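Biologist: I'd love a close look at a single part of this structure, please. Take your time and walk me through it.

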Amino acid sequence: MHVLVVHDYGPLGKILLERLRETSLRVSPLLVSKPVSADLSALENWIPEDTDLIVNALWQADPEAAERDPEGAHKTVFSLPLAIAEYARDRGMALFQLSSCYVFDGRKQSGYLASNPGQPVNELGNWQWECEQALRTLLPRHIILRTGWSLSRFIRKVQASTATTEALSLPGRCVGQPVSVRDLARVITAVIQQLDCGAEVWGTFQYAGAEEISLYELGLVIASLPEIPEDLHVVDDMPAWGVLEPPNTTLICTKIRNTFGIKQFPWRTGLLGEWAMLKDEAERAEAEVPAT
């Protein structure tokens with residue numbers, strides 16, 4: 001199977017490509033450094049003719065970023081995946097598309113099933129839900145994988161708060177499950193390997209790290225890491241961005257386990273690795289800044 005991985009400069013694309021190259025799959029990368037300015041009419045110049053599966057690893061899991069740049073969110077989360085899906089449909093290719101828990105409004109008292117319809121409350125969730133529905137109509141041979149919270153996003157919030165004297169406000173009313181980049185890459189790789197073995201199991205699946213937790217409690221866990229200053233103060237309060245967070249984004253992940261045999265890994269086991277990954281990323285970025 002020839003797998004084309006569409007990625008940006010984020011860590012998921014790099015780690016996913018590393019994992020896939022350790023398999024027997026034939027893997028090609030397609031770097032889209034600026035999805036907002038991508039020429040969607042030039043897909044035939046990007047995608048090899050013998051591609052079997054296109055994996056869109058442009059993971060969007062930050063509703064704040066989508067609110068800051070709604071036009072960019074629309075292009076990255078909706079327009080680009082749809083253009084790829086149309087191209088794939090016309091050439092007999094399949095598509096692996098990432099979505100997120102933000103397609104839900106959080107009013108459900110229990111966890112969300114993969115079959116539950118979306119009712120988004122923010123820009124990111126709106127375009128992800130629109131993308132999901134369009135893909136189901138356009139391309140029967142698709143995998144949609146909804147993910148939990150990005151663990152990196154909240155590690156970065158804690159890291160940023162160490163540079164100020166203000167307390168870090170995180171809402172205890174918002175409950176969900178984080179997922180690390182490495183764990184997500186593991187899951188995507190496992191699904192692709194089974195597709196390569198001939199599994200014709202298309203549709204919508206969900207994955208997040210094991211264990212529900214509130215954002216406030218997650219902040220306390222991250223703040224307890226060895227390199228975080230002890231005087232960092234995390235409080236249970238609603239920050240301005242908290243209006244973008246549904247009160248419940250818990251995903252029930254039994255379908256992906258029953259279909260592909262993929263078990264949930266505890267997100268806590270990936271916490272130190274995610275922290276180290278972000279630290280290395282920041283150090284490389286700092287080293288690349290030219291001296292003045």
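How do β4 and strand β5 (residues 142-147) pair, and over how many bridges?

Modeller: Happy to help! Please keep in mind that this is a predicted model, in which local features need pLDDT of at least 70, side-chain atom pairs count only at pLDDT 80 or more, and totals for chains, interfaces and linings use all residues. Residues are numbered from 1 along each chain as its sequence is written, and side-chain values use heavy atoms, with hydrogens and water left out.

Now to your strands, which are DSSP runs (E, at least two residues; helices are H or I, at least four), numbered from the N terminus. β4 and β5 pair in the parallel sense over six bridges; two strands count as paired if DSSP finds at least two bridges between them. Within this pairing, Ser99 stands opposite Arg146 in β5. To get from β4 to β5, the chain passes through helix α5 (residues 123-138), and this β-α-β crossover is right-handed: with the strands pointing away from the viewer, the path from the first strand over the helix to the second runs clockwise.

β4 also pairs with β3, in the parallel sense over four bridges, and there Leu53 stands opposite Ala94 in β4.

As for its surroundings, seven of the seven residues of β4 are buried, so the strand is largely enclosed by the rest of the structure. Buried means under 20% relative accessible area (1.4 Å probe, protein chains only). In a regular strand, side chains alternate between the two faces of the sheet. Here, Ala94, Phe96, Leu98 and Ser100 point one way from β4, while Leu95, Gln97 and Ser99 point the other way.

Conventions
Buried < 20%, exposed > 50% of the residue type's maximum accessible area, 1.4 Å probe, protein only.
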